Amino acid sequence: MSQAPEQRAAAGRGGTGPATVGGLPAQPVDGARPASGLSPAGRPEPRRAVWPGSPHPLGARFLAGPDGTEGTNFALWSAGADAVELCLFDEEDREIRCPLTELTHEIWHGFVPGVRPGQRYGYRVHGSWDPWSGARWNPAKLLLDPYARAVDGEYALPAEVYGHARDWPEQELADTVRDDRDSAPFVPKGVVVHDQDTWADDRRPKTPWADSVIYELHVRGFTMRHPGIPPALRGTYAGLGHPAAVEHLSRLGVTAVELLPVHQFAHEDHLLRRGLRNYWGYNSIGYFAPHSGYSAAGSRGQQVGEFKSMVRALHDAGIEVILDVVYNHTAEAGELGPTLSLKGIDNAGYYRLAHDLRRYADYTGCGNTLHVVQPHVLRLITDSLRYWVQEMGVDGFRFDLAAALARSMHDVDMLSPFLAVIAQDPVLRRVKLIAEPWDIGSGGYQVGAFPPLWTEWNDRYRDTVRDFWRGAVPDVRDLGYRLSGSSDLYAWGGRRPYASVNFITAHDGFTLRDLVSYERKHNEANGEDNRDGNDDNRSWNCGAEGGTEDGKVAALRRRQLRNMLTTLLLSTGVPMLVAGDEMGRTQRGNNNAYCQDNELSWIDWSLPEDPAWRPLLELTTRLIALRGRHPVLRRRAFFSGRRHGPQGMRDLGWFAADGREMTEDDWHAPGLTLGMFLSGRDIPQRDAKGVRVTDDSFLAIWHAAAGRIRFPLPGPPWAGSYELVVDTSREDQREAPGSVHRGGAAITVPERSVLLLRAVQSPPDTRAADDAPPSGETDGNGR
C-alpha cells in the first residue's frame, strides 16, 4: 500500500504521523498513554511526589534528600526533548509516571521520596517525530536510562519495541512512520542500586605492562562446562570467581583476564528470528550495568555485588581484570533498528548522523556510531569508565574499534577529544588501555598510531607469525620486527615494546587448533550460508581438512601449536592467549562463532585430562613461568642492536641458517630459519633500588621448513656453550632440558620447530652427541 504525500508529510515533519495498522492517524494504543496523565480509559494515573532534586550526578542515585528524607534522585540528559516522564514499575509491572519538570543545562531531573534500591524504572521522552531532521522522539517507547547500574530482564525485540513501523509495507519508508504501541511490557527496566563499597579490603595487583600475560576469556564460555564449578554457578560471574576457575588461571600463570563484553547487551533481531543469540556481547545497551544474564544471584541489583566478588577473588590471586568495552556503537543499530535508549532520548545528540539525517554514519559495521565529539557523549563514556575502575574494581579496558572513538568530525585524529580526555583524566590515565586500532571507515586502520599510555592489538604480529609457520613469508624481515617488539610500529613518542599486544588468535577467528586444522571457514551453523566470517585466515591444515585419523597429520598439528605458542611467549611485547588455546580447544572450523552460545564455543574441560592435549597445557604453563623468571624476555625498552662492552656484544643478535650474523642481504633473501640471541647482560633497566638488572642470555632458533638443518651455534663472545631449554619437536618437554652444546659447533634443528637455548659462558668438556652431522639436511628455505 503506497503512502499518500500528505501522510508522509505528517509522518516526517513533526506531526503525529500514521499509525502502524491500516494507515490510520496515530493514537495511543495497546497501553500507550497520552501526556495528559490520563489512562486510555480516562482514569487518573497514580502519582508520586517529585521534588526538584539535582541535575548531578546523572542516573539514579539513592540518597538522603531534604530533611533527611530517603529517596532517589533521577537525572537524564536530553537537549531537544519537550518533556520527560520517569516511569516506576511495581512487582506486578504496573506503571506510575512521574513528570520531571526541572530542566538544568539540558538535564531533566527530580528527587522522588521513598524510592529505594531495587526499584525498577525507565523513561518516556516526548518530542517531535521528524526523521528527516534526525528527531525520533516517541513517548510510547519505554527507554533504558543510559546510566542504569543494573538491568532487569532481556530484550525480545517484537515489533512494539521499534520506534518506527518495523513491518510497514513500504520498507524504504518504514523508518519514517511512527509506531505508537507501548513497548513497556517487552523491554527490560533499569534498577536503582545503592552501593557504598570503598574497596578498602581489595589489593589491586598493578602488574607492570612489561610483566603482563593477558588471557582473553568469555565469562559464560569459560565456566559453563567446568566440572569443579557448582552447576548453579556455571556461566556466571560467581563461576569465574569460584576457586576451581581461579585455580586454572593461577596455575597457568596469566596475570590478567580480558573479559569479552560484560556491559548489558541485547540480542539482534535477525539472530532471535533464527533461534540464535548474541554470544560474544558486542551489542551494548547499558554502559554501567553488568550483563544480568551472567548473574547467579539475581537481576535486581545483585549482579553488581556478584561482579565485585568475582573481581576480588581474581585480585586475591594476583590477576587483573580488563574489560572489552564497546563504546563505538550501541544495540539500537541504524534507522531500522529498535528504540531502546539513546535513540529515543536524543537521537541526533548521541549518534553520528549522515548528510541525509535520516541515516546514520556507520564506521562500525553495526548500523550506528556514537558521536564521541559531543561533550555529553564523551561524558557518558568517561563516567562509565571511571565507574568501572573506582566502583567495580576493574584494572583496564580493551576498546573495541577504537579508531571510531578517535575520529573528530570525520577523520581519525590522534588529538581527538576522546584521546585528549583520557590522557588528562587522573583515574583513567593510570589503568591499562588497549586499543583495537581500526574501524571499517576510510582511514580507519591505525596500527602503531595511538599515543603513549596506549597499547594496541598488533594484527601485524598475528599475520606475520601465522604466515611464517605456514611457510608463506618471502623473507624473515617482518618476523624479526615482530619477535623483537615491533619497533617499526612503536618506537616513537616515548612508547615502549609493551605497546604491542602480541596475539596469534582472538575471539574473532579460528582457535589456535583450528588454525592448523582448517584452511576454509565452516560457519554453516550460523545460518548465513557460510557467507559470514573472514575468508583470509592465513591457516594451514597440515594436509587434511578438519578432523583426521592420520597420526602423522595429528602429530604435525600439535607440533605447530607448540611452535606458535612458544613464538608468542618468547616474543618481546605483551602476549595475549585465548582461553582454551593452551589445551587444544576447537570450534570445528567456525571462525565467527559470535552467535554460538553452546558447546561449540564453551571450553571443553576434559581436554586437560586428554593425553594428546595435556602436554600442550604443560608447555604453555612452563613458558609463562620461564617468561616470568627472565627479564630479558620482558624488556621495558627496545633493543638497540648496537655493540656494547669490551667484547663487542650486541643486546640483540640475528643469525642466518648457516650460523652467520645476518647481513642486509640476508634479511631480503628467502628463508624459513632465523636465529635470535637475547643478551641478558645488556638490559637497560634498573630495579626498584636502582641496581642494574642482568639476566641469562638466550638463543632462540625458529625453523619453519619441512626438513631438519644443521645450525652452527654462535661461539664467543656470545657464549662458550648452550643448554637446551625448549625443543618444540618433542611432545613432552620434560625430556628436553639438560643437553649442552659447545659454542661454534652445529646443532641439529628438527623440521618445523623452535629451539630455545640458554647461553653458558664456560665451554663443556665433551662434545654433545647431537653435534654429529645428521642426514637429510636442508638449507632451511623449503616448506
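**Exercise 1.** With which side chain does the side chain of serine 500 make a polar contact?

*Solution.* The model is predicted, local features need pLDDT of at least 70, side-chain atom pairs count only at pLDDT 80 or more, and totals for chains, interfaces and linings use all residues. Residues are numbered from 1 along each chain as its sequence is written, and side-chain values use heavy atoms, with hydrogens and water left out.

Step 1: locate the residue. Serine 500 belongs to strand β20, residues 500–502; strands (E, at least two residues) and helices (H or I, at least four) are DSSP runs numbered from the N terminus.

Step 2: find the partner. The side chain of serine 500 makes its polar contact with the side chain of asparagine 458, at 2.9 Å. A polar contact is a pair of N or O atoms within 3.5 Å; within protein, one must be able to donate a hydrogen and the other to accept it, and residues adjacent in sequence count only if both atoms are side-chain atoms.

Step 3: check exposure. Serine 500 has a relative accessible area of 0% and is therefore buried (under 20%; exposed is over 50%, partly exposed in between, with a 1.4 Å probe and protein chains only).

**Exercise 2.** Describe the backbone and exposure of serine 486 and lysine 206.

*Solution.* Step 1: serine 486, in the loop between α12 (477–483) and α13 (487–490), has a positive phi near 55°. Step 2: serine 486 is buried, at 0% relative accessibility. Step 3: lysine 206 has a positive phi near 50° and sits in the loop between β11 (189–191) and β12 (214–217). Step 4: with a relative accessible area of 64%, lysine 206 is exposed.

**Exercise 3.** Place strand β25 in its surroundings.

*Solution.* Step 1: β25 spans residues 673–678, and 6 of its 6 residues are buried. Step 2: in a regular strand, side chains alternate between the two faces of the sheet. Step 3: on one side of β25 are Thr673, Gly675 and Phe677, on the other Leu674, Met676 and Leu678, all buried. Step 4: β24 (residues 652–655) runs antiparallel to β25 and is joined to it by 4 bridges; strands pair if DSSP finds at least two bridges between them. Leucine 652 has leucine 678 as its bridge partner. Step 5: β26 (residues 698–703) is also antiparallel to β25, with 6 bridges, and its leucine 699 stands opposite phenylalanine 677.

**Exercise 4.** Identify two cis peptide bonds.

*Solution.* Step 1: histidine 56 and proline 57 are joined by a cis peptide bond with omega about -5°. Step 2: another joins proline 716 and proline 717, with omega about 5°.
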